[in-house]
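Hi,

Here's the structure I promised to pass on. Have a look at it first, and then read my notes below.

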Amino acid sequence: MNPLRLLLVGLLAFACARGTGNPPAAGFDSDGSDPRAIEIADAVMRKMGGRENWDRTRYLTWRFFGRRLHVWDRWTGDIRFEEADRITLMNVHGGTGRVWKAGVEIAEADSLKKYLDGGYRAWINDSYWLVMPYKLKDSGVTLTYGGEARMENGRTAFVLTLTFKNVGVTPQNKYDVFVDRESMLVEQWAFYRKASDPEPRFVGPWTGWKPHGRILLSAGRGKRAHSDVAVFDDLPRTVFESPHRVDMMAFDNAR
């Protein structure tokens, strides 16, 4: 190998080791976060398929605990949300959209706002339960390293603690995220309603990691699980415009 090529290979390896292949979101608390925690977060991203493949993943769908249907266009912010007799079509960036209840469109402004706010909050919560490991270096996050600990499954994990500043609808929350030392995947988390709480409100597993398109996703959450998890490269615009219910698994490009 010639010296120039050897130098380029070395620089690429150094960049990967430094995590530059997984740049933080604008507003991530780099100064307040631990270098070791950032290193582990970058390793998790690589294990799940890598930042480039995550960025190339456009459409996600899942039923939160087998009930609430979400279809999310990550590039535009458009979502489809179906729960009980309600269908919400909205954009999570602008907060605008339309809602149908029992087949009748909601026209009254206050009622529409209430349902749009409810759809947005459901998307915030439910998407975090699906893709949290991809958001370890998200805007407003401070990431600290808590050493190693034994998980409920008996395996040893690296512990990352996530706290938040001025983001989301519940910035007072805190999470301990357990990254299996061998698989380098998130296999458990602990949720604290307030960062100051001495004990978590719950501890639960992340299981059932499977390939979907170019990335890995986990559906198992202990006694509960997401269903109909899939990734799409293309979807018709009617998914985000039609008030008629859709069977996402009927699309032949579901992966």
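Let's start with a quick one: is Phe202 buried, partly exposed or exposed? With a relative accessible area of 28%, Phe202 is partly exposed, because buried would need under 20% and exposed over 50%. Do keep in mind that this is a predicted model.

Now for the ring that Phe202 pairs with. Trp189 has 1% relative accessibility, so Trp189 counts as buried. The ring centres of Trp189 and Phe202 are 6.1 Å apart and the planes sit at 65 degrees, so this pair is edge-to-face. It also links distant parts of the chain: Trp189 is in strand 10, Phe202 is in strand 11 (residues 202-205), and 13 residues separate them.

Searching the whole structure turns up 19 aromatic pairs. Another edge-to-face one joins Trp129 and Trp189, with 4.9 Å centre to centre and 90 degrees between the planes. Trp129 belongs to helix 4 and Trp189 to strand 10 (residues 186-192), so this pair ties together parts that are 60 residues apart in sequence. Both of these Trp residues, Trp129 and Trp189, are buried. If you zoom out a bit, Trp129, Trp189 and Phe202 belong to one aromatic cluster, whose members also include Phe64, Tyr128 and Trp209.

Next up, helix 4. This helix covers residues 109-131, which makes 23 residues, and reaches 32 Å from its first C-alpha to its last, close to the 33 Å expected. At the N-terminal end, Glu108 acts as a cap: one of its side-chain oxygens lies 3.2 Å from the backbone nitrogen of Asp110. The buried residues of helix 4 include Leu112, Gly119, Trp123, Leu130 and Val131.

Those last two bring us to Leu217, in strand 13 (residues 215-221). Leu217 is buried, with a relative accessible area of 1%. Leaving aside neighbours within four places in sequence, Leu217 is in contact with Leu130 and Val131, as well as Leu60, Trp209 and Val229, among others. For Leu217 and Pro133, 84 residues apart in sequence, the C-alpha to C-alpha distance is 9.3 Å.

Before you close the viewer, which residue lies over the face of Tyr192? That's Lys174, at 4.2 Å from the ring centre. Arg74 does something similar with Trp72, lying over its face at 6.0 Å from the ring centre.

Happy browsing!

Conventions. Residues are numbered from 1 along each chain as its sequence is written. This is a predicted model: local features need pLDDT of at least 70, side-chain atom pairs count only at pLDDT 80 or more; totals for chains, interfaces and linings use all residues. Side-chain values use heavy atoms; hydrogens and water are left out. Helices (H or I, at least four residues) and strands (E, at least two) are DSSP runs, numbered from the N terminus. The expected span of a helix is 1.5 Å times one less than its number of residues. Buried means under 20% relative accessible area, exposed over 50%, partly exposed in between (1.4 Å probe, protein chains only). A polar contact is a pair of N or O atoms within 3.5 Å; within protein, one must be able to donate a hydrogen and the other to accept it, and residues adjacent in sequence count only if both atoms are side-chain atoms. Rings of Phe, Tyr and Trp (its six-membered ring) pair if their centres lie within 6.5 Å; planes under 30 degrees apart count as stacked, over 60 as edge-to-face and the rest as tilted. A charge sits over a ring if NZ of Lys or CZ of Arg is within 6 Å of the ring centre and within 35 degrees of the ring normal. Contact means heavy atoms within 4.5 Å.
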